[in-house]
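Visitor: Please pick one small spot for me and look at it closely. Then step back bit by bit, so I can see what lies around it.

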Amino acid sequence: MATSTVWVSIFLFALVLLAFAPIMTWVERKQSALMQDRIGANRASILGFKALGLIHPLADVIKMITKEDTIPTGAHRFLHFVSPFIAVAPAIISFAVIPYGGTYEMWGAHVPLVVADLDYGVLFVFAIGSIATYGSMLAGWAGNNNFGMLGSIRVSAQMISYEVALGITVVGLFMIFGTLRLTDLGVMQQETFRLFGFLEHFGWVEAGTKWIEWITIPMWGIVLQPLPFFMFLTALMAENKRAPFDTPEGESEIVAGYFIEYSGMKFGLYMMGEWIEVVVIAALLTAMFLGGWSLPWVNEANMIASWTPVLGENMANLAAMVLAVHVFLFKVIVLIWFQMLIRWSMPRFRYDQVMNLGWKILLPLSLANIVITALGILIVQGVTS
Amino acid sequence: MRTALFWIFSIAAVASALGVVGSLRSPINSALSLVVSMLALAGLYVLLEAQFVGLIQVMVYAGAIVVLFLFVIMLLNLRGSGAAGAESQPIAKAIGALVAVAATLWLARTLAAGRAPWPDVEEGFGTTRAIGEALYTDYVLSVQVAGVLLLAGIVAAVVLAKKKID
């Protein structure tokens, strides 16, 4: 039973994910147009039907597939061929551990809305992501182009630098929740805590005071670790190499950087990889910091229990599942919008600024965050025990 | 399934390890063979239920250290020259080959003596929690010493780099 539902989730996921990439091109065009007071993509049409420019992704794909696939002279043919795949595959694979819902029991089936529920979930994403470096790095080298080489060197330095900060920023979160498993993180973030509970604890306010019981805060990662949320987002965006961190492809200096020698669908794969990574970043941040698939102040198990008398067990589970997927998608879309907002409002950082941000700001701040979090945990444990 | 995966990973590991030393024509090919070898080893770790070690192998060795190797190779633009002077050292080559053959024979003898079955491990073996508990209880001194050693390494690197800049 379990294996069959896993195949369903893999299939659904691949479908949604691959549909996301072309739609992202549309979102990117329309949002940048809105921000720059333009109209944006609106020319492609089928029989005069324009659908707000949604036909453009289709036109793009047809163009890319039919374009000539060139291989430059003196290129390393095998590496030149294989690099785009190395760049795009990790982005898709890392989705395997991201839960987009809890586990639901219906009609005797056990439906977990995650492809692989791994004990070391977040580490898996980091490990797979570190392989993606090769896709960009080898691309520039294999094309036998000096601009490509410069792009390769920049991309490898940037990605290694930010991988260090990337891992360390979220250590505080793992210290609080005590797990790397993303489904556990999702369940734990459904809890709430009383914001002014300490007043009662120290005896400053009578026990059982109404307003203290009422003012509760969901235990979301972003509430417990607000600064690491933004540091993690920054590090992830730097790993993704999109503006403002796109020095490796800086077109005003090195033409297109590491993928300069690619045309057609191989070039398209690099674009697709970047857009899928935008979605991965949004999904990972949602699962770790924004409460995953649950609504704030709502405990999913209680919710299903309260629906069961009305809808019956199966329908209650099904309704909860549908709600979870929509909540998750909504949060992901908000974060995608936020990334686009950053991408279109910031100019490209200079190379030394990128390096300084990674090594001199993010890394020390995240190390300090570990110490402060540890102190906080000790204090809370000392007070409550 | 497990045995099949074992053979796939093992053959990949050995073949790519040979590729590391064999591809004199291009240092990039050597470095990439090293990556494949690391990944195959990670696969073997996961087969042995040591998932955490396998992941760290991918993250640190395949994903960071060999990237640095490649970075240096690209920066120095080593193309086609091969390992300098490797052809002109017949004695070193002979010794290397001898050691390799001896090691292979010894390994073959050990393997032929008795093939251990797949190990049965208790619940929770190789998880992050188990590794963390082992590191911070049984091996806490080693962890601390390694930490100090790494710190010394970082400081030394900074000092060396600073001297060159001034």
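Guide: Let's start with one bit of vocabulary: a residue is buried if 20 or more other C-beta atoms (placed from the backbone) lie within 10 Å of its own, exposed if 12 or fewer, and partly exposed in between. This is a predicted model, where local features need pLDDT of at least 70, side-chain atom pairs need 80 or more, and totals for chains, interfaces and linings use all residues. Residues count from 1 along each chain as its sequence is written, with chains lettered from A and ligands numbered from 1 in the order written.

Our spot is B:Glu49. B:Glu49 is partly exposed, because 17 other C-beta atoms lie within 10 Å. Have a look at its backbone, too: phi is positive here, about 70°, although B:Glu49 is not a glycine. Most residues other than glycine have a negative phi.

Where does B:Glu49 sit? It belongs to the loop between H2 and H3 of chain B. (Helices are DSSP runs of H or I, at least four residues, strands are runs of E, at least two, and both are numbered from the N terminus.) H2 covers residues 27-47 and H3 covers 51-76.

Now follow those two helices to the other chain. Where chains A and B touch, 18 residues come from B and 20 from A, a contact being two C-beta atoms, placed from the backbone, within 7 Å. On the B side, H2 and H3 each supply at least two residues. H3(B) gives the most, with 14 residues. Sorted by class, that side of chain B has 14 nonpolar, four polar and no charged residues. (Nonpolar covers Ala, Val, Leu, Ile, Met, Phe, Trp, Tyr, Cys and Pro; charged covers Asp, Glu, Lys and Arg; the others, Gly among them, are polar.)

Stepping back to the whole of chain B, you'll find six helices and zero strands. Of its 166 residues, 19% count as buried. Among chain B contacts between residues at least 6 apart in sequence, 62% join residues at least 24 apart. Further along, B:Trp106 lies in helix H4, residues 90-113. B:Trp106 is exposed, because 10 other C-beta atoms lie within 10 Å. Its C-alpha is 34 Å from that of B:Leu68, and the two are 38 residues apart in sequence.

Across in chain A, there's another positive phi to visit. A:Lys241 has a phi near 65°, and it isn't a glycine. A:Lys241 lies in the loop between H11 and H12 (251-254). A:Lys241 is buried, because 25 other C-beta atoms lie within 10 Å.

H11 of chain A, residues 226-240, meets another helix, H16, residues 351-384: their axes come within 11 Å and cross at roughly 145°. (Axes are lines fitted to C-alpha atoms, for helices over the stretch in contact, with angles from 0 to 180 degrees between N-to-C directions.) Among the residues making this contact are A:Met231 and A:Ala235 of H11(A), along with A:Leu362 and A:Leu365 of H16(A). By class, the residues of this contact are eight nonpolar, four polar and no charged.

One last step back: chain A holds 16 helices and four strands, and 43% of its 385 residues are buried. Its C-alpha atoms fill a box of roughly 80 × 50 × 45 Å along the principal axes. In chain A, residues 24 or more positions apart account for 78% of the contacts with a separation of 6 or more.
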